[in-house]
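I'm opening a fresh page for this one. My plan is to poke at a few odd spots, then the sheets, then the place where the chains meet.

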Amino acid sequence: MGRKAGNRRNSGQTLIITALTIALLILSIVYGVFEAGKRSEMLSAATLNSPVLATKLGLRNTVTSSLVNVSNGGENGILTANLKEYASIVGNQSHFGKCSVLFTVSDASPYQSGMWISWGSDGTGVSSAYANFTLVFTKTESDLQLEHTINITTALNVEGTYTKLEGALKQVNVTCRIFNEGEPALANNITLYYDHDGDLGTQDWIAADSPTITDYGNGTYTISFTAETQTQDDPMLVSAHVYDLRDIFVLANATCTET
Amino acid sequence: MSFRNNRRGQIRLIEAFFASLLILSTLAMVPSRGGVEKTHYSTLHSVGEQALVSLDSNGMLSTLIEDSDWTALRGCAQSLLPVSLWFNLTVFDENMSVLNDVAVSNGGSVSEEIVAVNYVCATSGGNYAVYIVRLQLAEAS
């Protein structure tokens with residue numbers, strides 16, 4: 001009788017331990033399944049990173065190329081044409097899934113067909129391109145839709161002073177500041193001109209002879225040269241023609257102040 | 001006494017049911033060969049894409065293609081990819097005509113399956129062009 005009671009007690013304990021073990025096992029399996037699902041989701045999101053980056057990079061290069069073209073005399077419509085070409089080629093590459101590129105070039109003032117070229121006489125010049133994109137990535141495991149904006153802008157600020165020398169000679173000091181997307185940027189080439197008679201109506205620009213250029217390494221350049229205007233009292237008008245490191249052209253005219 | 005024996009049989013059945021459930025779910029958790037292969041493919045694909053994005057982000061890729069400097073392109077790919085990988089790079093124009101007249105590859109033999117990465121490279125210079133770069137990757141034997 002005593003042994004039977006002992007067995008019954010042991011049987012109850014074994015059942016509880018077994019139930020606990022089973023509960024633990026079931027919990028760990030549920031957790032394992034959950035983790036595996038999460039890892040799979042992360043993997044599919046991660047595999048889209050490079051294609052997204054590559055497409056954004058390609059679009060940026062396309063917009064930059066169009067701005068280089070337009071700032072060097074090309075037509076504004078080139079941006080739309082280039083973007084259509086890029087979108088068509090990307091759409092045909094379906095190794096990671098389908099990628100569709102939808103775009104709108106900005107026509108909001110001051111942009112026209114996504115381009116804004118403003119080379120003023122007040123010492124500022126701007127060459128800019130602007131477009132909005134919707135990127136749709138369709139993959140087996142995941143879909144992704146991204147809104148993206150690209151604004152490529154090269155801006156130039158020019159200001160200068162001059163000192164009268166003998167006769168019609170003047171010592172001119174000009175400071176040029178270059179910006180890419182609002183940040184100081186380096187120039188690939190700077191050419192400086194001055195107006196011979198100080199009248200913009202005649203457009204008789206003369207290239208500055210043997211200018212001394214100081215590069216401060218932060219997008220600021222000072223250019224010193226000696227100019228000879230038609231008469232001693234002619235105002236000193238200068239024109240800076242700049243190519244930035246992306247080959248985007250920008251120019252700005254400015255009237256130098258006498259010191 | 002016979003009633004107790006019957007009940008013990010039912011408990012055994014339930015136990016067996018739970019045990020088989022556990023075994024089946026554990027077996028389902030074991031990563032399949034297909035899954036491993038897919039991971040291997042994704043890894044190689046990702047390595048290739050990252051190398052090409054890295055090469056393109058500083059404008060080097062389009063410059064080397066425009067200059068037809070295939071030797072320098074091979075050197076760049078070699079420096080960006082792990083030495084344990086075999087690679088072969090082919091450059092196409094937008095009409096899918098091959099542009100590189102020499103092999104851009106690190107040579108050697110291949111032990112595993114070959115993974116191909118297609119990359120669309122747009123130039124940023126004044127003369128706009130789009131190239132398709134196909135990078136084939138595999139584990140070197």
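**Entry 1: an odd glutamate.** I went looking for A:Glu181 and found it in the loop between strand 5 (169-180) and strand 6 (183-184) of chain A. I should jot down right away that this is a predicted model. What caught my eye is the backbone: phi of A:Glu181 is near 50°, a positive value, and the residue is not a glycine. Is A:Glu181 buried or exposed? I checked its surroundings, and 12 other C-beta atoms lie within 10 Å, so A:Glu181 is exposed. The cut-off I used is 12 or fewer for exposed.

**Entry 2: a serine with a positive phi.** Over in chain B I looked up B:Ser68, which has a positive phi of about 50° although it is no glycine. I placed B:Ser68 in the loop between helix 3 (60-66) and helix 4 (70-80) of chain B. How many C-beta neighbours does B:Ser68 have inside 10 Å? I got 14, so B:Ser68 goes down as partly exposed.

**Entry 3: a cis peptide bond.** Back to chain A for a proline. The peptide bond from A:Ser109 to A:Pro110 is cis, and I noted an omega near 10°. A:Pro110 lies in a loop as well, the one between strand 1 (98-105) and strand 2 (115-119) of chain A.

**Entry 4: a sheet in chain A.** Next I traced an open sheet of four strands in chain A, and its order reads 8-7-11-12 with antiparallel pairing. Which strands stand at the edges? They are strand 8 (205-207) and strand 12 (249-255) of chain A; each has a single partner strand, so one side of each has no neighbour in the sheet. I also looked at the twist: neighbouring strands of this sheet are turned by 30° against each other on average, direction ignored. Then I zoomed in on one pair. Strand 7 (residues 187-195) and strand 11 (residues 237-244) of chain A run antiparallel and are joined by seven bridges. I picked out A:Tyr194, whose bridge partner in strand 11 of chain A is A:Val238.

**Entry 5: chain B from end to end.** I counted four helices and four strands in chain B. Reading along the sequence, I wrote the pattern down as α-α-α-α-β-β-β-β. Of the 141 residues of chain B, 26% count as buried. I looked at contacts too: among those in chain B with a separation of 6 or more, 63% are between residues 24 or more positions apart.

**Entry 6: the sheet in chain B.** Chain B has an open sheet of four strands with antiparallel pairing, in the order 2-1-4-3. Its edge strands are strand 2 (104-105) and strand 3 (115-122) of chain B, and each pairs on one side only. I followed strand 3 to its partner: strand 3 and strand 4 (residues 130-139) of chain B pair in the antiparallel sense over eight bridges. Opposite B:Val120 I found B:Ile132, in strand 4 of chain B.

**Entry 7: where the chains touch.** Last stop was the contact, which takes 23 residues from chain B and 29 residues from chain A. On the chain B side, helix 1 (2-29), helix 2 (33-57), strand 3 and strand 4 each supply at least two residues. Which element gives the largest share of that side? It's helix 2 of chain B, with seven residues. Sorted by class, the side of chain B that touches chain A has ten nonpolar, ten polar and three charged residues.

Methods: Residues numbered from 1 in each chain as written. Chains lettered and ligands numbered in written order. Predicted model: local features only at pLDDT ≥ 70, side-chain atom pairs only at ≥ 80, totals over all residues. Pairing = 2+ DSSP bridges. Buried ≥ 20, exposed ≤ 12 C-beta atoms within 10 Å, placed from the backbone. Contact = placed C-beta atoms within 7 Å. Nonpolar A, V, L, I, M, F, W, Y, C, P; charged D, E, K, R; others polar. Axes fitted to C-alpha atoms, helices over the stretch in contact; angles between N-to-C directions.
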